[in-house]
Structures are given as C-alpha cells and as structure tokens.
Amino acid sequence: MNEAPTRLTVDELAARAGVTVRTLRFYATKGLLPPPELGPRRVGLYGPEHLGRLELIEELQRQGLTLAAIERYLAQLPADINSLDLAIHRALVASWTPESAEEATREQLERRTGRTLSDADLDNLAAMGALHRTADPDVFKIEPGLLPLGVQVLDVPIPLETLVAARAVVRLHSQATAHDLHRLFRETVWKPYRESSPAPEELERMKALTDRIQPMVVQALVTAFQRSLAEELAARPE
C-alpha cells in the first residue's frame with residue numbers, strides 16, 4: 001500500500017488540491033493556510049493538514065460560503081488540528097447537502113487520492129461508502145464528501161468485515177435518529193405553524209429557516225457522538 005507523501009512542495013500541493021499556486025499564496029495571505037515548514041535550501045514544505053484545509057475550503061465554497069464566512073469558520077478550528085479531523089469537518093459540511101456521486105476511472109481515482117489503490121483498498125472504500133462499483137470494473141462512482149476521510153482510514157488496520165458492520169450500525173442508528181427528529185419537528189413545530197394559517201411569504205421564510213437549522217442539528221449529533229464514543233472508550237480501555 002503506497003502512502004500519500006507526507007511533505008509536498010507548493011507546486012505539488014497545488015496539483016494535488018487542483019488549484020493554482022497563486023490561489024495557494026492568496027489563501028496564505030488571508031490566513032486560511034498555516035505557513036509551511038522550511039526544508040533544505042529554505043524550500044517551503046506542506047503536509048497533509050494543508051491539503052486537508054484546502055479540501056475543506058473547497059467544500060465550504062461549494063456550499064456557497066463567502067470568503068469572509070470561510071475565514072470565520074476556519075478561525076474556530078484548533079490551531080493544531082490534524083488532517084483526519086479536517087477530513088471529518090469536510091464530511092460533516094458535505095453531509096447536510098449531499099453531493100451527487102461523481103464518476104471516475106481507477107486512474108483518475110488514484111490521481112485524486114494521490115496514491116496507488118490495491119483491490120483491497122477499493123473493497124474497503126466501497127465498504128465505507130466512499131465509492132460504489134459500476135458494471136465497468138475500472139469505473140467507480142465516488143462520494144466526494146466521504147472519499148478523503150475514507151482514504152485516511154485505509155492506513156488503519158481494520159478488517160473489511162468490521163468496516164461493513166460499522167457502516168451498517170451507523171446507517172441503522174442514523175436513519176432512526178433522522179426519523180425521530182423529523183417526526184418531532186413535524187409535530188411540534190411545523191404542524192402548529194401551518195395550523196396558524198401563515199401568509200405565503202411567512203411559510204417560505206419558515207422553510208428557509210428550517211434549512212439553516214440543519215447544519216446545527218448535524219453538528220450537535222456529531223458532537224454528541226464524539227462525546228459518547230470518548231466516554232465508551234474511557235469506560236472500556238481494553
């Protein structure tokens with residue numbers, strides 16, 4: 001299994017992120033990217049955390065955030081946040097506005113992930129839902145929001161059957177949670193509101209506000225899950 005390079009030059013980082021060097025320097029002047037490490041001959045070297053930030057910035061832009069809003073979002077992140085946490089943030093941001101699966105060949109997929117992917121790697125990514133196989137064995141449907149996080153997990157020695165079981169558990173409980181939250185909101189918010197005979201413009205305003213609540217709900221669920229997982233691990237260290 002080939003691991004992604006741990007240090008990249010500015011040209012290599014730009015190529016991996018799919019942006020120009022000029023864009024990278026602009027982000028740096030805005031404080032969106034931390035400064036690189038200085039390598040031999042004072043050449044700036046960038047790591048996975050820089051690539052993770054660029055992928056998160058791309059996702060935030062895709063969601064329609066302005067540059068000022070992106071600056072505020074990134075300013076709230078810990079200064080020492082690692083690439084895995086950045087990938088989680090990207091998946092979180094993408095989760096409330098799911099992207100359509102993109103089609104990619106195996107060569108394009110490897111270029112996008114920056115590594116050679118074995119058949120076992122592809123099986124694991126499919127088990128995590130980061131990609132889906134098609135009738136053509138060399139063409140895949142990829143989930144842009146999940147792919148970066150899935151690639152991070154490839155370096156963790158987790159059996160394929162565990163990934164399949166974990167995905168099933170997550171899907172089961174997330175579907176149940178979504179159902180209960182939808183029922184609660186429908187019965188305690190939407191039903192009384194509609195029964196009050198609101199004006200058409202007020203109804204549209206309520207729909208817009210509901211859309212804005214979704215990110216807050218997703219963040220609350222992720223935070224609660226992280227705390228519950230931490231408590232579970234602390235209670236059962238073995």
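**Close-up views of a predicted model**

**Figure 1. Helix α3 in the predicted model.** Helix α3 covers residues 48-62, and its 15 residues should span 21 Å at 1.5 Å a residue; the C-alpha atoms at its ends lie 21 Å apart, which agrees with that expectation. Buried positions in α3 are His50, Leu51, Gly52, Arg53, Leu54, Leu56, Ile57, Glu59 and Leu60. Just after this helix, Gly64 adopts a positive phi of about 95°.

**Figure 2. The largest nonpolar core.** This core comprises 19 residues, and Leu13, Leu24 and Leu74 have the most contacts inside it. At least two of its residues come from each of α1 (10-17), α2 (21-29), α3 and α4 (67-75). The largest share, five residues, is supplied by α3.

**Figure 3. Surroundings of Leu74, and a second core.** Leaving aside residues up to four places away in sequence, Leu74 touches Leu32, Arg53, Leu56 and Ile57. A second core of 15 residues is separate from the largest one; among its members are Ala104, Leu109, Phe140 and Ile142. In soluble globular proteins, nonpolar side chains tend to be buried together.

**Figure 4. A nonpolar patch on the surface.** The patch is formed by Leu181, Leu184, Val217 and Leu221, which together have about 310 Å² of accessible area. Helices α9 (160-195) and α10 (200-235) each contribute at least two residues to the patch.

**Figure 5. Val217 in helix α10.** Val217 is one of the residues that form the nonpolar patch. Its relative accessibility is 32%, so Val217 counts as partly exposed, a class that lies between buried, under 20%, and exposed, over 50%.

Terms used
Residues are numbered from 1 along each chain as its sequence is written. This is a predicted model: local features need pLDDT of at least 70, side-chain atom pairs count only at pLDDT 80 or more; totals for chains, interfaces and linings use all residues. Side-chain values use heavy atoms; hydrogens and water are left out. Helices (H or I, at least four residues) and strands (E, at least two) are DSSP runs, numbered from the N terminus. The expected span of a helix is 1.5 Å times one less than its number of residues. Buried means under 20% relative accessible area, exposed over 50%, partly exposed in between (1.4 Å probe, protein chains only). A nonpolar core is a set of buried Ala, Val, Leu, Ile, Met, Phe, Trp, Tyr and Cys residues joined through side-chain atoms within 4.5 Å. Contact means heavy atoms within 4.5 Å. Patches are made of residues with over 30% relative accessible area and no salt bridge: like charges are joined within 9 Å, nonpolar side chains (Val, Leu, Ile, Met, Phe, Trp, Tyr) within 5 Å. Accessible areas come from the Shrake-Rupley method with a 1.4 Å probe; for residues, only the protein chains shown count as cover. A salt bridge is a side-chain nitrogen of Lys or Arg within 4 Å of a carboxyl oxygen of Asp or Glu.
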